[in-house]
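Reader: I'd like to learn how to read a ligand site and a helix pair. Can you walk me through it?

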Amino acid sequence: MSATFTITINGIQETVQGVPPTTTLLEFLRSSGWVGTKEGCAEGDCGACTVAVVGEGTDGKAHYTAVNSCLVPVAALADRQVITVEGVTRDAKALHPVQEAMVQTGGSQCGYCTPGFIMSLFAAYYDGKADDHAVEGNLCRCTGYLPIRKAAASLGAPKASDPFVAALQTAQETAPADSYYEYAGNRFHHPLTLSEVFGLLEAHPQARLIAGGTDLGVEINKFHRAFPVLVSLERLQELKSFEDTPEYLEVGAGVTLSHLMARAHGIFPAFDEMLYWFAARQIRNRATLGGNLANASPIGDLPPVLMSLGADLKLASQTGERWVSVSDFFTGYRQTLLQPGEVIASIRIPKTLPEGASRRLSQSYKVGKRGTDDISIVAATFTIDLDAQERVVQARLAYGGVAATPVRALEVEAWLIGRPWTLHTAQEAARALRQTFRPLSDVRGTADYRLALTGNLFEKFFVEFSPQVISQEVNA
Ligand SMILES: Cc1cc2nc3c(=O)[nH]c(=O)nc-3n(C[C@H](O)[C@H](O)[C@H](O)COP(=O)(O)OP(=O)(O)OC[C@H]3O[C@@H](n4cnc5c(N)ncnc54)[C@H](O)[C@@H]3O)c2cc1C
Ligand code: FES
Ligand code: FES
C-alpha cells in the first residue's frame with residue numbers, strides 16, 4: 001500500500017497524501033497554493049482550468065499536452081510533470097512569448113479565462129500548432145475572440161534557447177511503475193498489464209476502470225459518485241497498439257483521440273470528420289476510443305462511425321478474448337455486452353469492400369448547438385458501397401441521438417440493397433428514415449427536429465457525393 005505519491009508541478013516535486021484518490025488535479029493545485037489555475041465549470045467545457053502535462057507524442061518524444069485539470073484525478077498523474085500558468089516563465093522579469101502576444105493584442109480583460117488560454121496556447125506553441133483549434137476548448141466571456149486569435153496567429157516558433165524546448169529534450173518520464181495509492185479505504189491502481197487488471201477486477205468486483213477520465217471526471221464532480229476502487233488503464237501498453245494493414249486498422253482501446261487523429265488521418269474520412277468535431281483538444285488529449293464505447297452514451301459520437309464502418313471490438317477477460325460487432329455491442333440505455341471482469345482491448349475497422357462493390361461513399365455528420373466542444377443533437381455516419389453499375393451493394397446508416405442507444409437503420413439499409421444510386425433512391429430512403437426512429441425531445445432538440453435531421457442528413461450525404469447525378473436528373 002502507498003499512502004503518498006509525487007507529482008512535479010512547475011519543476012517542484014510535490015508529495016500528495018491525505019486526499020481521496022478522486023481529488024482532481026485542479027483541487028490539488030489550488031489547495032497547494034497554485035491558484036493561478038481557475039475553475040469555471042468543473043466539467044471540461046470552459047477551459048479555465050487548462051494546464052500542460054508532459055507526455056509522449058505520436059513520435060515517441062516528450063510534448064506538452066493541454067488538459068482540463070478539473071477532470072483528471074491527481075492520482076492519475078502520479079510521477080508526471082505538470083506546468084501551470086505560474087510556471088510558464090522561469091524568469092520573473094520576462095513574460096513568456098504567449099503571454100507577451102496576449103498583452104500585445106489585448107487578449108485579456110477580466111482575466112479569469114486567461115490562464116486557461118495561456119496554457120492551451122503554451123502547449124500548442126511548442127507543437128507548432130497554435131491555431132484556432134488550440135483554443136477551441138477555452139471560453140472567454142468578455143474579451144471577444146478576435147484579439148485572442150490574433151495573439152495565437154502572431155506566435156512564431158520557439159527559439160532554440162527557450163528553456164521549455166530544452167526541458168522537453170531532457171524530459172525523462174519516469175518509467176511507469178505498477179503502483180497504487182490509498183486513502184481512507186479508497187484506492188487508485190496503476191496496473192501495467194491486462195492480466196493485473198483482470199486480477200484487480202476479480203479481487204474488487206466494485207472496481208471501476210478509468211482511462212482518460214473525461215466521462216468519469218464529470219461523474220465525480222457533478223454527480224458526486226464515489227469510486228472506492230479505480231483501476232487506471234493509462235499505463236497499459238497492451239491497450240495502445242496501432243496496426244495498419246491493407247485489410248484493416250486495429251487500434252488499442254487506450255489510444256487517445258488526439259493520437260488517433262494524428263496516426264489514422266486519411267484512412268477513413270468519416271472517422272477524420274467526426275474526430276475533428278469531437279469535443280476540444282484538451283478533451284481529445286485524454287479521451288480514449290475504449291472510453292467512448294464503454295460509456296455507451298446514446299449521443300456518443302464515435303459509435304455511429306464504427307457501426308457504419310463495420311468495426312468489431314475485441315473484449316478481453318481472465319477467461320480469454322472474444323470479438324463482437326460494434327453494431328451488436330449496445331444492448332439498452334447505457335448497457336453493453338461487456339461482462340463483469342471484461343475490458344475493451346481493441347477496435348478493428350475493416351478496409352476491404354464487400355464482394356461485388358467497386359467503390360465506397362462514406363461520411364459523418366454532427367449537428368450540435370455550436371461547432372466544437374458540444375454534445376450532438378444528432379450524429380450520423382453513412383457508408384454506401386456501390387457496384388460498377390452504381391447499384392447499392394451494401395448500406396450502413398448509423399445514428400446517435402435518435403434512440404436509447406447508438407443505432408442503425410436496418411430496414412432502410414435492406415431496402416437500399418440493389419437499388420440504383422439516384423436522387424430518387426436517396427429521397428425515398430430519406431423519407432423512410434424520417435419514419436424509422438422514435439427520438440426524445442430534450443433541451444438540445446425536439447423529437448421532430450431530430451427526425452427531420454435523420455432524413456435531411458442522408459439527402460445532404462447524397463448531394464455531397466453525387467452532385468453530377470443531381471444536375472443530370474434535374475436537367476433530364
Ligand atoms: C467537455 C466534454 C466534451 C465532450 N465531448 C464529446 C463529444 O463531442 N463526443 C462524444 O462522443 N463524447 C464527448 N465527451 C465524452 C467523453 O469525452 C468521451 O466519451 C470519451 O471518449 C471518454 O473516454 P475516456 O477515456 O475519458 O473515458 P473514461 O471517463 O475514463 O471512462 C468512461 C467509461 O468507460 C469505461 N472504460 C474506459 N475504458 C474502458 C475499456 N477499455 N474497457 C472497458 N471499459 C472502459 C470506464 O469504466 C467508464 O465507465 C465529452 C466530455 C466532456 C467532459
Ligand atoms: S473548469 Fe471548466 S473546463 Fe475545467
Ligand atoms: S477575459 Fe474575461 S472571461 Fe475572458
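Author: Sure, residue classes come before anything else. Ala, Val, Leu, Ile, Met, Phe, Trp, Tyr, Cys and Pro count as nonpolar, Asp, Glu, Lys and Arg as charged, and the others, Gly among them, as polar. By that scheme, the shell around ligand 1 has 16 nonpolar, ten polar and eight charged residues. This is a predicted model, where local features need pLDDT of at least 70, side-chain atom pairs count only at pLDDT 80 or more, and totals for chains, interfaces and linings use all residues. Residues are numbered from 1 along each chain as its sequence is written, chains are lettered from A and ligands numbered from 1 in the order in which they are written, and side-chain values use heavy atoms, leaving out hydrogens and water.

Reader: How many residues surround ligand 1?

Author: A residue is near a molecule if one of its heavy atoms lies within 4 Å of it. Here 34 residues surround ligand 1, and the closest are Leu209, Thr214, Asp215, Thr288 and Asp301.

Reader: Which backbone atom of Asp301 lies 2.7 Å from an oxygen atom of ligand 1?

Author: An N or O atom. A polar contact is a pair of N or O atoms within 3.5 Å. Ala279 also offers a polar backbone atom, 2.9 Å from an oxygen of ligand 1.

Reader: And how do I read the helix pair?

Author: Two packed helices are described by the angle between their axes and the distance between the axes. Helices are DSSP runs (H or I, at least four residues), numbered from the N terminus. Axes are lines fitted to C-alpha atoms over the stretch in contact, with angles from 0 to 180 degrees between N-to-C directions. Helix α2 (residues 97-105) packs against helix α3 (residues 114-125) at about 125°, their axes 9 Å apart. So α2 is oblique to α3, given that angles under 35 degrees count as roughly parallel, over 145 as roughly antiparallel, 65 to 115 as roughly perpendicular and the rest as oblique.

Notes: Polar contact = N/O pair within 3.5 Å; in protein donor to acceptor, adjacent residues only side chain to side chain. Helix = DSSP H or I, 4+ residues; strand = E, 2+ residues; numbered from the N terminus.
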